[in-house]
Amino acid sequence: MEHEASGPVEKTRKRRGVPICVAVCLVVVVVVLAVALALVRRKASSPRQAPLARKPSDNLKATFIARCKTFKGYDCEKIWNAFTLAYVGRDPCKVPLEAYDPLIAAAPFKPACNRMIFWSKTEDVVHDFTSKRDCFITLEDTLLGSVLKGWTWCGKKGSKETFTTNCPGWTGCENNPFRSFWKRAWAAFSDVACGDVTVMLNGSISTPFSSASILARIQVKRFNPQTMRSLNVILVTQKNPVANCENASLKKLKKELGNRIKYTCKEVAESQIKKCSSNPEKSCRACW
């Protein structure tokens, strides 16, 4: 009898246990779905790429003033104010070249006849040479070139601050503060080129005078035959040079100068230039 009586009881317990299990499973599924939905919504509401924050910087001004003071006879605070006028409070991609006109006027480039040297794809060679010898001068050796070399900077619309982080670089946008400054400065430096001017080009590439270079697009076009007598190309070569003075791109350079500016070209080994730069007893022009 006991056995017979216990049968229905066991069945009843089993029947009651089934809904409980189902309920628990449903609760777990609901919780998992709720968490998953919350994560999806959070991800959707977050920007795909958060903009990098810009922080105001006083380092640029301190460096600017310190470097400026190494050049005698200038009002460095006035030059700094003219510099910031170009970009402070502006959209970092809306700073045209002419925005730096007041800066160029505050610290104009001075003619250095027979001593000015330009470069394209030979930056390291040129600056190594001018850092050891004072017979030639590049844009980067002038006051404006010196104080801003190695920096990027920008402003922000509605702000009076100067920023040096997360600013657009050369390829960031067309009219950014960095790009516009250097293009304006290269143009102004070229305007005062006079006498016998030198340019160092790279003999290890197929087109030493590229039509896309700053030299071609800005500098050569600004050379004034009334003040400039000649352009002397120093084609810097390695052990296995790719180009020589008969290169087609150099012939284009000569043609652009026309008949009013004399053109010369000489192939010179980089090793010879470096060796000569370390020998103060040898005249600079004797290096090539």
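**Fold, disulfides and pockets of a predicted chain**

N166 has a relative accessible area of 35%, so this residue counts as partly exposed. The class follows because buried is set at under 20% and exposed at over 50%, with partly exposed in between. The model is a predicted one. N166 is located in the loop that connects α6 (143–148) with α7. Its backbone stands out for its phi, which is near 55 degrees and therefore positive in a residue other than glycine. Most residues other than glycine have a negative phi. N114 is a further case, with a positive phi near 70 degrees, again in a residue other than glycine. This asparagine sits in the loop between α4 and β1. With a relative accessible area of 28%, N114 is partly exposed.

These loops belong to a chain of 288 residues, of which 41% count as buried. The secondary structure consists of ten helices and four strands. Read from the N terminus, the order of elements is α-α-α-α-β-α-α-α-β-α-β-α-β-α.

The strands form an open sheet of four, ordered β1-β2-β3-β4, and the pairing is parallel. Its edges are β1 (117–120) and β4 (262–269), each of which pairs on one side only. From one strand to the next the twist averages 20 degrees. At the β1 edge, four bridges connect β1 with β2 (residues 195–202), and these two strands run parallel. Within this pairing, S120 has L201 in β2 as its bridge partner.

The next topic is the cross-linking of the chain. How many disulfides does the structure hold? The structure holds seven. A disulfide is a covalent bond between the sulfur atoms of two cysteines. Three of the links are followed here, beginning with C113 and C194, whose sulfur atoms are 2.0 Å apart. The torsion about their S-S bond is about -110 degrees, so this disulfide is left-handed. C113 belongs to the loop between α4 (101–106) and β1, while C194 belongs to the loop between α7 (177–191) and β2; the pair therefore ties together parts that are 81 residues apart in sequence. Are the two cysteines buried or exposed? C113 has 41% relative accessibility and so counts as partly exposed, whereas C194, at 5%, counts as buried.

Another disulfide is formed by C245 and C265, with the sulfur atoms 2.1 Å apart. This link is left-handed as well, because the torsion about the S-S bond is about -80 degrees. C245 lies in the loop between β3 (228–237) and α9 (248–257), and C265 lies in strand β4, so parts 20 residues apart in sequence are tied together. C245 has 17% relative accessibility and therefore counts as buried. C265, with a relative accessible area of 25%, is partly exposed.

Towards the C-terminal part of the numbering, C276 and C287 are joined by a disulfide with an S to S distance of 1.8 Å. This link is also left-handed, with -70 degrees about the S-S bond. C276 is in helix α10 (residues 270–277) and C287 in the segment after α10, so the pair ties together parts that are eleven residues apart in sequence. Both cysteines of this pair, C276 and C287, are buried.

The remaining topic is the pockets. The largest pocket contains about 550 Å³ of space. Which residues lie nearest its centre? They are W119, E123, E140, W186 and I214, out of 25 residues that line the pocket. Among the secondary-structure elements, β1, α7 and α8 (214–222) each contribute at least two residues to this lining. By residue class, the lining divides into 13 nonpolar, seven polar and five charged residues.

The second largest pocket has a volume of about 180 Å³. It is lined by 13 residues, and those closest to its centre are Y74, F109, K110, T142 and L143. This lining consists of eleven nonpolar residues, one polar and one charged.

Notes. Residues numbered from 1 in each chain as written. Predicted model: local features only at pLDDT ≥ 70, side-chain atom pairs only at ≥ 80, totals over all residues. Heavy atoms only, no water. Pairing = 2+ DSSP bridges. Axes fitted to C-alpha atoms, helices over the stretch in contact; angles between N-to-C directions. Disulfide = S-S within 2.5 Å. Buried < 20%, exposed > 50% of the residue type's maximum accessible area, 1.4 Å probe, protein only. 1 Å grid on protein atoms, 1.4 Å probe; cavity = no way out; pocket = protein on both sides within 12 Å on 5 of 7 lines; lining within 4 Å. Points joined across faces, edges and corners; volume = space filled by probe spheres on them. Nonpolar A, V, L, I, M, F, W, Y, C, P; charged D, E, K, R; others polar.
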